[in-house]
Structures are given as structure tokens and as C-alpha cells.
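Let's take a walk through this structure, starting where its chains meet and moving on to how they are built.

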Amino acid sequence: MAVSNNPPLLEVKNLRVEFPTRRGTLLAVDDVSFDIAPGEVLGVVGESGAGKSLTGNAIIGLLEPPGRIAGGEVKLEGRRIDNLPYEEMRKVRGAKIGAIFQDPLTSLNPLYSIGRQLVETIQTHLPLSASQARKRALDLLKEVGIPGAENRIDHYPHQFSGGMRQRVVIALALCADPRLIVADEPTTALDVSIQAQIIALLKRLCREHHTAVMLVTHDMGVIAETADRVAVMYAGRIAEIGPVRDVVKQAKHPYTKGLMGSIPSLGVRHDKLTQIDGAMPRLTEIPPGCAFNPRCTVRGQRCMVERPNLMSAGASRAACWLHDRGGVGAPVTKELVDA
Amino acid sequence: MIAFILRRLLQSIAVLLAVGLVAFSLFRYVGDPINAMVGQDTSMEDRALLRERLGLNDSPPLQFLRFVSNAARGNFGLSYRTSEPVGRMIFERVPATLELAFCAAIFVLFVGVPMGVYTGLYPKHWSSRLLQTVSLLGVSLPPFLLGILLILVFAVMLHWLPSFGRGQTVQIGWWTTNFLTISGLKALILPSITLGLFQLTLIMRLVRSEMLEVMRTDYIKFGRARGLSNRAINFGHALKNTLVPVITVMGLQLGTLIAFAIVTETVFAWPGVGQLFLQSVQFSDIPVMAAYLLLIALLFVVINLVVDLLYFVVDPRLRSQGGAAKVAGH
């Protein structure tokens, strides 16, 4: 894709999100930087707790207290938005950045018809009369593929299925034609057969509206099908970021390789899926050096003391000493591990 | 919907019949009504004659049937104490109690709900904590003590408000109202606060906890993500979602306000049915007690019916088929 030449729509630089707790401050997102170009789909993958949803929430300014942005900056169209006052940021949300959450069953207020919720959102951001807003709401519902939109617009959320509700949620996110949509696990709560439809819809709408998407998910299949670029997160940091084809086919970080190895692919006979031994460390127990080193099969002594930052690795960038001229250092011996 | 209302009406009638049975047994088993009606020197024959004439020798089911049909027409017999028709005694005093309960309910609603919303939205603000603490006082202070304290401060020391009675009232048909005279309105203030304060703190705490819960839901977060204004989120989306439990409790509380106005009416010498009931108990005036019992039951049943119908107004999920079952679960 040629999108990478455009000036970025969203720039995230050295973002840090922390949670003050009784046992000290936890760094849940640690020094994360990435760009999203206009119209681009960036997939963000990682295990639960890798910090991907928090990154999304930090961008839309809806971190749940006591979580807070502790450093770095977020720029939308060149304007810093991470330090905006609440009321200013409110005007950005919905208007410039739309959001889609995981569970369509709980994202809609059960007491209001979907039409009313759409009109409310439209009128918050666009100077339209009630009837114009309703017309736009109707158009949006047709666009997201709600059959019989004219009748359905006055129905209540409980009268829709999960997949239909997620379509309504997408329509709500698109109300004011935002430049970016942060979609946090948009298909996780849906049936597999519906997932593909929703992903296809999201993809088509964003292409037509030239809307960029930050697609947060733990489903590598969704990413491979939808994203232009992928960022793989591990323990609050980006482990690898690059074009989707490279990351999927030629993973540069041992963690990404492990992730790809754990996905069954059709047409290939697997005797056994590979798995990554161990579990992602808790935020309180992140080891020194590379956070992935206790589970890594190719680690060296350098990995246990020095933390790698993102570095060029082919078309991608990976946070792994394998791609540094210095390498991973001397092999790790058994005694050293026990010590 | 219609079927639901019909079913609720049938249930209401069943409840009233059950309460009626209790009221009826008061006559039969709490002392002998003949003894209460005649003097000591009445002969046994006269007593038997009276017993026969009043139908007290009929079978209990037949007597109950007669009691119910009389009660349905507002006929509860004569008071043992004053020999006035009980129905009229009650109806003369109902306006005083209803107006007092109504004012207390308004006080609860318009002070308690906003306080609950505020403390729910800003749970950590110092003023919320202060309200929380003060509300503890409201819950733990017994109404008679509160009433006496209010009288001490506002009537005895400051002379701002009257300490007893309804003040001047205006008669509209059979209804006497406090609302049309200054002294009547002033007389309402202290009793309303006394009666309502406990419920107010209850409602405030209920709204607060419901708000805290609703503010954590996904649709509130999604509302924020859509860029809705705080006002739309707090009042349009959050408050409305707290309404179902609040209406339920409010309905029950309104019944309680009427039924337990007894203490407040005594403290403020308020000429309502509560005071009448208390006097009747002292004199074992069973017809009045029975009528009072039925009146309170009727009010509870009506309020609950209204509450159930309000659910439908508030929550669209209940309007669809099978919603009635969910209401019953509330």
C-alpha cells in the first residue's frame, strides 16, 4: 500500500500509561510509539494484559481511573490531543475519533431506541435539524446493512441480534464521519459466522469513507484479513510492528513467530501446533532485560540485562537483539538461569 | 400488556380480600362486639335478639361476605367510641394524611434524588462525603425525636413555624386542603420534613449506589466515546437507567409514608387517619381499626399497581411479549 507516504493521521509517541496501586505504580503501557496514516488499518495484537486496549483507551482519552497517561504524546492531524481538557476532548471523540467496543450487547443504552441514540450523536457533532439528523441516521443504518432500516430505526436495542447491534454500534461510530476509528475487539463477543461479516463491513466502510482504523484484537486471523500493518504488543511494549504480510509470513520477533506458529492454517497439515511455553509476566514481575526473555528459545545473555528497543528488521521493526549488530550475546547456560 | 394489567388487578383483589379477612377476624375474635355495644345491664334475651338481628349467628363465611360487600360500599359500621359512621370519620381525616404524605414524598423526591445523583457522580468529592455522613444521621434519628427537635428550634425558639395542627384549611367538596392558605402551607413544613427525612436518606443512598453502578456500564463509556455531553450522559442516559429500582422503592416508601405517618401525626397533633387509628387502638374501637387496615392495604395495592405500570413507561424491554414475567421478578 502506498499509504505510508502520506503524513500520519495519528501519531503516538513514547506513550506511557500507569496505574497507581497500593503496591506501587504499575506501568501498563511502556514507551509505545506508532503512526496511523489516513485510511490505513493498523492491527494491534497481543495477549490479554499486553496493554493493547489501554493504548486504545488512552488515545480516545477514556482511560478508566486510576489509570492515567504518564508520559509521551498523542497527536491527531498534527494536534496534540492527550492533554486536552475534558470538554475539548469530548468534541474530538465521536467527531474525529469514533470508537467501537467489544460487547455490542452492552454498548447501547437499553432504554432508548437506536434511532434516538443515533440522532443524539449526530446532533451532538453536526449542526443538523432533527429531521435531517433522522435522515442521516436512516442512511447510516442502511449503509451498515440493517434490513428494513425505516422500521427498525425506532426499535430498541433488545430487539436486535448481537451482530445487528454491532452494526448499529458501527453506525454510531460513523455518525460524524470520523477520521479514525478505534475498534477494541469488535468481533470477540460475536459468533464466528457473524465475525467475518462485521469485519468485512468495517473494512468496506472504512475504505469508502477513507477512515483509518486502529483494530485492537487478539485474533491474528482478523488482523491478517483486515489490517495493512500490524503492531504486536507484549507486556506493555510493542514487540514488532510492520506490514501485515511481513509480520505474518516472516516474523522478526521470536514472540511473533511463536504467535504465528500457534495458529492453524487451512491446507497445511499440522501434526502439532507450536505453543509458547510459560505465560506473559504480570506487570509487577516484568523481568530485567527483554520482557520476553524467560519464554524465549533464542535468548542470549544480553537479553537478560539490556532491554531492546524497536529496530529495523527487514520491512518491519522488532524489539529484539537478534536484529542488532551486537546480537543477543553469549548463550545462556543452565547455571546462569538457576542463579 | 392488557393481560398483565388484568392479572395484576386480580392479584390486587386477592390481596385486599386477604387483608379483609384479617380485619373481619378482628371483629369476631378480639372480644365480643355485643359486649362492646350494649351496657352491662342488658338482659341475655336482648343480647341474643341483637346478635340475631346483626346476623352474628350466621355462618362465618356468610358474615365475611356481608362484611366485604359492605366494605366495598364504604360502609364499615359505627364507631364503638363515638357512634359515628366509621367511613365518614376516616374520609374526614384522609385528606390531612394524604396531603402530609404527598408533601413528604415531594420533599424526598426533589431533594433525595438530586443528592443521590450528585453523590453518585462525584463519590470522592468532600461535599459528597459530607452528605453521606449527614444522611447517616437521617437514617439513625427516630422521627419522634427529629419532630421534637424541629419543634424546639423552629417553633419554640425561632417562632417561624407552628408546632401543631393543620393551620387554616379550605374545604373543597368533602376534601379539606392545606394548600390554599399560608398558615396551612406553613403547618405542612415541619411534619413533612419529619416524615420524609428517613425516606430521603434511603432514596439518596439508593440513587447513589445505582448511579455508581450505571456509570460503570459499557453504554455510558460508549456514550462518552460518542462525545455526548456530560449532561446527556448523566441525566439522559445514567439517571434514566437508575429509575426502575428507584420507582419501586419510591412506591413502597409512599405507602410507608402514609401508613407510618402515625408517629409524626401524634408529635404534631396532625388530625389525620394515623392519629385516629391511635385513638381507636386505645379504645379498642375495632370498626375504625378494621377500616384503617383496609384503607392502608388499598393504598399499597394501588401504589404498587401504578409502580408496575410505570415500569412499562420507563423500560422498553418490558413492553415486548413476556416482559410481564420480568416485572414480577422485580
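## Where the chains meet

Chain B uses 19 residues to contact 23 residues of chain A, where two residues are in contact if their C-beta atoms, placed from the backbone, lie within 7 Å. This is a predicted model, in which local features need pLDDT of at least 70 and side-chain atom pairs count only at pLDDT 80 or more, while totals for chains, interfaces and linings use all residues. Residues are numbered from 1 along each chain as its sequence is written, and chains are lettered from A and ligands numbered from 1 in the order in which they are written.

On the side of chain B that touches chain A, the elements giving two or more residues are α9 (218–225) and α10 (230–259) of chain B. Helices here are DSSP runs (H or I, at least four residues), numbered from the N terminus. With six residues, α9(B) gives the most to that side. Sorted by class, the side of chain B that touches chain A has seven nonpolar, five polar and seven charged residues. Ala, Val, Leu, Ile, Met, Phe, Trp, Tyr, Cys and Pro count as nonpolar, Asp, Glu, Lys and Arg as charged, and the others, Gly among them, as polar.

## The two helices

How do α9(B) and α10(B) sit together, and at what angle do their axes cross? Their axes come within 11 Å and cross at roughly 150 degrees, with axes being lines fitted to C-alpha atoms, for helices over the stretch in contact, and angles running from 0 to 180 degrees between N-to-C directions. So α9(B) is roughly antiparallel to α10(B), a label for angles over 145 degrees.

As for who touches whom, B:Y219, B:I220, B:G223 and B:R224 in α9(B) meet B:I233, B:H237 and B:A238 in α10(B). By class, that contact has four nonpolar, two polar and one charged residues.

## Domains

Both chains come with domain bounds, taken from an automatic or database domain assignment.

| Chain | Domain 1 | Domain 2 |
|---|---|---|
| Chain A | residues 108–177 | residues 243–338 |
| Chain B | residues 2–72 | residues 86–328 |

In chain A, the centres of domain 1 and domain 2, taken over C-alpha atoms, are 44 Å apart. In chain B, the C-alpha centres of domain 1 and domain 2 lie 33 Å apart.

Within chain B, 14 residues of domain 1 are in contact with twelve residues of domain 2. Helix α1 (residues 2–29) of chain B supplies the largest share of the domain 1 side, eleven residues. That side of domain 1 of chain B has ten nonpolar, three polar and one charged residues.

Note on methods. Angles under 35 degrees count as roughly parallel, over 145 as roughly antiparallel, 65 to 115 as roughly perpendicular and the rest as oblique.
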